[in-house]
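Colleague: I'd love a close look at one part of this model, the pairing of charged side chains. Please walk me through it slowly, and add a word on the cysteines at the end.

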Amino acid sequence: MDVTTEREDGVLTARVEGRIDGATAVRFEEAVRTAMEEGDRGLVIDCGKLSFISSAGLRAVLLTAKALRGRNAGFALCAMSDPVREVFRISGFDSIVAIHPTRADALASFDS
């Protein structure tokens with residue numbers, strides 16, 4: 001799993017490539033946590049190259065969302081493949097976190 005980040009208008013985007021599972025979930029959380037800066041308004045996780053997410057990965061996403069909520073920062077996911085989106089739907093996480101079709105849509109959601 002690789003995480004690359006970029007910042008635009010105070011919103012951090014983390015692009016995840018590969019799998020978030022039991023072996024990589026903690027590394028994912030650490031990568032996102034260390035990339036966030038105090039002034040960031042929110043975080044977008046770009047799932048365009050995410051090939052798989054396990055229950056450990058879902059937990060890592062949920063913990064990240066809760067941490068951001070605690071500091072009044074937004075959180076969104078975007079660009080999910082159909083299999084990854086299905087995991088979020090089956091688990092009910094699609095009703096807990098905002099999921100957008102594109103990164104542009106996710107970034108725009110922080111302005112509304």
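**Salt bridges, one pair at a time**

Modeller: Happily! Let's start with Glu 8 and Arg 103, whose side chains meet in a salt bridge with 3.3 Å from N to O; the term stands for a side-chain nitrogen of Lys or Arg within 4 Å of a carboxyl oxygen of Asp or Glu. Because Glu 8 sits in strand β1 and Arg 103 in helix α4, this pair ties together parts that are 95 residues apart in sequence. Helices (H or I, at least four residues) and strands (E, at least two) are DSSP runs numbered from the N terminus.

A word on the ground rules: this is a predicted model, where local features need pLDDT of at least 70 and side-chain atom pairs count only at pLDDT 80 or more, while totals for chains, interfaces and linings use all residues. Residues are numbered from 1 along each chain as its sequence is written, and side-chain values use heavy atoms, with hydrogens and water left out.

Arg 103 has a second partner to look at: Glu 6 forms a salt bridge with Arg 103, and their closest N and O atoms are 2.9 Å apart. Glu 6 belongs to strand β1 (residues 2–8) and Arg 103 to helix α4 (residues 103–109), so here the parts tied together are 97 residues apart in sequence. As for accessibility, Arg 103 is buried at 18% relative accessible area, where buried means under 20%, exposed over 50% and partly exposed in between (1.4 Å probe, protein chains only). Both acids are partly exposed, Glu 6 at 33% and Glu 8 at 34%.

Now for another pair: Asp 111 forms a salt bridge with Arg 41, with 3.4 Å between the closest N and O atoms. Asp 111 lies in the segment after α4 and Arg 41 in the loop between α1 (25–35) and β3 (42–53), so the pair links parts 70 residues apart in sequence. Asp 111 is exposed at 59%, whereas Arg 41 is partly exposed at 34%. Salt bridges that share partners also join Glu 6, Glu 8, Arg 15, Asp 46 and Arg 103 into one network. The full count is nine salt bridges.

Last, the cysteines. There are zero disulfides, a disulfide being a pair of cysteine sulfur atoms within 2.5 Å. The sulfur of Cys 78 is 6.5 Å from its closest cysteine sulfur, in Cys 47, so the two are too far for a bond. Cys 47 is buried at 2% relative accessible area, and Cys 78 is buried at 0%.
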